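Trainee: I'm new to this one. Could you pick a single part and take me through it closely, together with whatever sits around it?

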Amino acid sequence: MQKTNDLKKLNLIANTIRQNIIRMLLAAGTGHPGGSLGMADVFTALYFSILNHDPKKPLWQKRDSLILSNGHICPVLYATMAEAGYFPSEELLTLRKLGSRLQGHPHRETLAGLETTSGPLGSGLSQAAGMAISLKMDKKKSRVFCVMSDGEHDEGNTWEAVLFAAKYKLNNLVCFMDRNNIQIDGLTEDIMPLNSLKKKYEAFNWNVLEINGNEISEILVAFKAVHRLNDAPTMIICNVIPGKGVSFMENDSEWHGKAPNKEQAAQALAELEQQKEYLLKSFMLKSFKRIKQQIKKKNRGIQ
Ligand SMILES: Cc1ncc(C[n+]2csc(CCOP(=O)(O)OP(=O)(O)O)c2C)c(N)n1
Ligand SMILES: [Mg+2]
């Protein structure tokens, strides 16, 4: 699929994904908006700029695999996959309905393009590490990407996989952590303090980068840096705002797993539409300034 590093395009895609998350959850009357909205920029960067994949051939042998470990944020995965062309966007409104391919947690056998079934937290990194080592054993060049959450670091299974991936120098494994500081019942640091996950991963001999995961430019730069790193797995800790883009959902664990009602959804969509207008204007202003500078330079050359 055609990749792009065009920040205007990518930011507009992330905005559409956020709007579709709201529409899906309203139609379903249930689901997880907090983590989904927070990770829209990371998913946009992954599916439109980073992953080698082909939505028309989901089983392409040379594809990179993306494992969504924190399966409850699948609305963002589905909305991104639809935008990339895996299935029609209209199908998003079937989220969580009986017989739908878009279940409340990803079900690999129902939808082509899903690499694993997930929902039980703490298992994704083990699965991703297993896939990464098998690719190495087969001397394949594809990479494995794992999206996982901060809350999943309360699970022992996660830490076993952290040890394993470092021992086998899985440099074909790149993880993006949804570090939004919330989990189901409140703040991660109140429920089970995680402290510095950067220091923890470094102590386990991983490459670690910590970025603002709501800035697409930072995500792309961090990923480029990964190529220059040594023989170790990589963790990109993405500091993100849960509920990002919808004022009354931001930084509030109440919105971990609650759908908006009609009025709330209307307000959310109005706010996101306003952000889209702002995006268009600010990018227009930037191009206007660039063109003005070019004209100035040209004129100076003439004089
Ligand atoms: C093994 C397991 N235990 C408990 C749950 C229930 N559960 C679903 S989401 C969640 C919170 C996990 O934290 P995080 O992924 O950081 O949540 P978010 O940031 O999306 O609010 C929990 C405990 C689960 N899905 N799997
Ligand atoms: Mg969290």
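Mentor: Sure, let's take a strand and work outwards. Bear in mind that this is a predicted model. Strand β1, residues 65-68, pairs with β2 in the parallel sense, over four bridges. To find that pairing on screen, look for I67, which stands opposite C146 in β2.

β2 is the part I'd like you to stare at. It covers residues 144-149, and six of its six residues are buried. Both of its faces are covered: V144, C146 and M148 are buried on one side, and F145, V147 and S149 are buried on the other.

β2 also pairs with strand β3, residues 173-179, again in the parallel sense, here over six bridges. One spot to check is V147, whose bridge partner in β3 is F176. To get from β2 to β3 the chain runs through helix α6, residues 156-167, and this β-α-β crossover is right-handed.

Now for a helix that packs against this group. α5 spans residues 124-137, so to speak a 14-residue helix, and reaches 20 Å from its first C-alpha to its last, close to the 20 Å expected at 1.5 Å a residue. Its buried residues are G124, L125, S126, A128, A129, M131 and A132. They pack against β1, β2, α6 and β3. After α5 comes K139, which has a positive phi, near 55°.

C146 turns up again when you look at the largest nonpolar core. That core has 76 residues, and C146, L173, C175 and I236 touch the most other members. Helix α1, residues 7-28, gives the most to this core, with nine residues. Have a look at I236 too: leaving aside residues up to four places away in sequence, I236 touches V174, C175, F176, M177, L209, I211 and A222. You've met F176 already, as the bridge partner of V147.

Finally, zoom out to the chain. Its secondary structure comes to 10 helices and seven strands, and buried residues make up 44% of its 303 residues. Among contacts between residues at least 6 apart in sequence, 76% join residues at least 24 apart. The C-alpha trace spans about 65 × 50 × 40 Å along its principal axes. As for the radius of gyration, the chain has 20 Å, which agrees with the value near 19 Å for a compact globule with 303 residues.

Note on methods. Residues are numbered from 1 along each chain as its sequence is written. Chains are lettered from A and ligands numbered from 1 in the order in which they are written. This is a predicted model: local features need pLDDT of at least 70, side-chain atom pairs count only at pLDDT 80 or more; totals for chains, interfaces and linings use all residues. A residue is buried if 20 or more other C-beta atoms lie within 10 Å of its own, exposed if 12 or fewer, and partly exposed in between; C-beta atoms are placed from the backbone. Helices (H or I, at least four residues) and strands (E, at least two) are DSSP runs, numbered from the N terminus. Two strands pair if DSSP finds at least two bridges between them. A crossover is right-handed if, with the strands pointing away from the viewer, the path from the first strand over the helix to the second runs clockwise. The radius of gyration is taken over C-alpha atoms; the globule rule is 2.2 Å times the number of residues to the power 0.38. Two residues are in contact if their C-beta atoms, placed from the backbone, lie within 7 Å. A nonpolar core is a set of buried Ala, Val, Leu, Ile, Met, Phe, Trp, Tyr and Cys residues joined through C-beta atoms within 7 Å. The expected span of a helix is 1.5 Å times one less than its number of residues.
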